[in-house]
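Biologist: Please choose one part of this chain and look at it closely, then place it within the rest of the fold. I would like a single connected account, with each term explained where it comes up.

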Amino acid sequence: MNPELFVWAVVWTYKRADDGLDPPEWKVDPGHAQQNAERGYKLLEGLTRIPGHDSQGHLQAERLSSWIKIVRDACAKVGRLDIGDICLGKLLSTAPIGSDGIWPCEPVRQVMEDVHSKSMMSGAHTGLYNSRGATWRGSGGGQERALADKYRPWANELQYSHPFVASHLLMNMVKTYEH
């Protein structure tokens, strides 16, 4: 996906975090604001393929990191860095399990660790939590304990190599489900 398209979707969907004005090239026509917001939201919510794949279809940390840097820099210029990070986190929450059996896969966890954004972790947390869809609660909370038990070993495995991801995402998922 083109990083500029992602930023456009963020600009269409969310207002600036400051009182600034968007640069002329990023201005949204007020007559189309509602329609653009709906389209931008649908685009952001519909994304499931993480950018940064090579020609063989393998996700590359360097490519993903470069794509995310472009998006974050552009979002910062238009006063939407935090919400852009939340949207990036939601996208990264769709990552597969890594070759070592730990979620998220190695390139995504490395990029998340390098970026070190609490807003990105918040977006990933929301994306993971909402990925279950609608659920019915059983008696005694067994479903939630099972989910906490799913995330806890991953957090423990990553606590030394990727401490930010382990503590701000995986352990927060454990706490959410234990609560």
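Modeller: Gly 142 lies in helix α7, a helix that runs over residues 142-158; helices here are DSSP runs of H or I with at least four residues, strands are runs of E with at least two, and both are numbered from the N terminus. This is a predicted model, in which local features need pLDDT of at least 70 and side-chain atom pairs count only at pLDDT 80 or more, while totals for chains, interfaces and linings use all residues. Residues are numbered from 1 along each chain as its sequence is written, and side-chain values use heavy atoms, with hydrogens and water left out.

Gly 142 counts as partly exposed because its relative accessibility is 41%, where buried means under 20% relative accessible area, exposed means over 50%, and partly exposed is what falls in between (1.4 Å probe, protein chains only). From Gly 142 to Pro 104 the distance is 38 residues in sequence and 24 Å in space, C-alpha to C-alpha. Pro 104 belongs to the loop between α4 and α5, and the peptide bond that leads into it from Trp 103 is cis, with omega near -5 degrees.

That loop leads to the part I would look at most closely, helix α5, which covers residues 106-115 and has Pro 107, Val 108, Arg 109, Val 111, Met 112 and Glu 113 among its residues, each of them buried. These buried residues pack against α3, α4, α6 (118-130), α7 and α8 (163-178), contact being taken as heavy atoms within 4.5 Å. The list of buried positions in α5 thus includes Arg 109 and Glu 113 alongside Val 108, Val 111 and Met 112. After α5 comes His 116, in the loop between α5 and α6; its phi is near 60 degrees, a positive value in a residue other than glycine. With a relative accessible area of 48%, His 116 is partly exposed. As general background, most residues other than glycine have a negative phi, and most peptide bonds are trans.

On the other side of Pro 104, the loop between α4 and α5 also holds Ser 93, which counts as buried because its relative accessibility is 11%. With neighbours within four places in sequence left aside, Ser 93 is in contact with Trp 103, Ala 124, Gly 127 and Leu 128.

Two of the helices against which α5 packs, α3 and α4, are separated by a loop that contains Arg 80, with α3 running over 61-77 and α4 over 81-92. Arg 80 is buried, since its relative accessible area is 5%. Its side chain reaches the backbone oxygen of Tyr 14 at 2.6 Å, and, sequence neighbours within four places aside, Arg 80 is in contact with Val 10, Val 11, Tyr 14, Lys 15, Arg 16, Asp 22 and Cys 75.

Within α3 itself, Trp 67 is buried because its relative accessibility is 7%. Beyond residues up to four places away in sequence, Trp 67 touches Met 1, Asn 2, Pro 3, Phe 6, Pro 51, Leu 88 and Leu 91. Trp 67 and Glu 4 are 63 residues apart in sequence, yet their C-alpha atoms are 9.7 Å apart. Ile 70, also placed in α3, is partly exposed at 46% relative accessibility, and its C-alpha atom is separated by 9.9 Å from that of Asn 2, 68 residues away along the chain.

As for the fold around this part, the chain has 8 helices and 0 strands. Buried residues make up 42% of its 179 residues. Of the contacts with a separation of 6 or more, 65% join residues 24 or more positions apart. The radius of gyration is 17 Å, which agrees with the value near 16 Å for a compact globule of 179 residues; it is taken over C-alpha atoms, and the globule rule is 2.2 Å times the number of residues to the power 0.38. Along its principal axes, the C-alpha trace spans about 50 × 40 × 30 Å.

Technical notes
A polar contact is a pair of N or O atoms within 3.5 Å; within protein, one must be able to donate a hydrogen and the other to accept it, and residues adjacent in sequence count only if both atoms are side-chain atoms.
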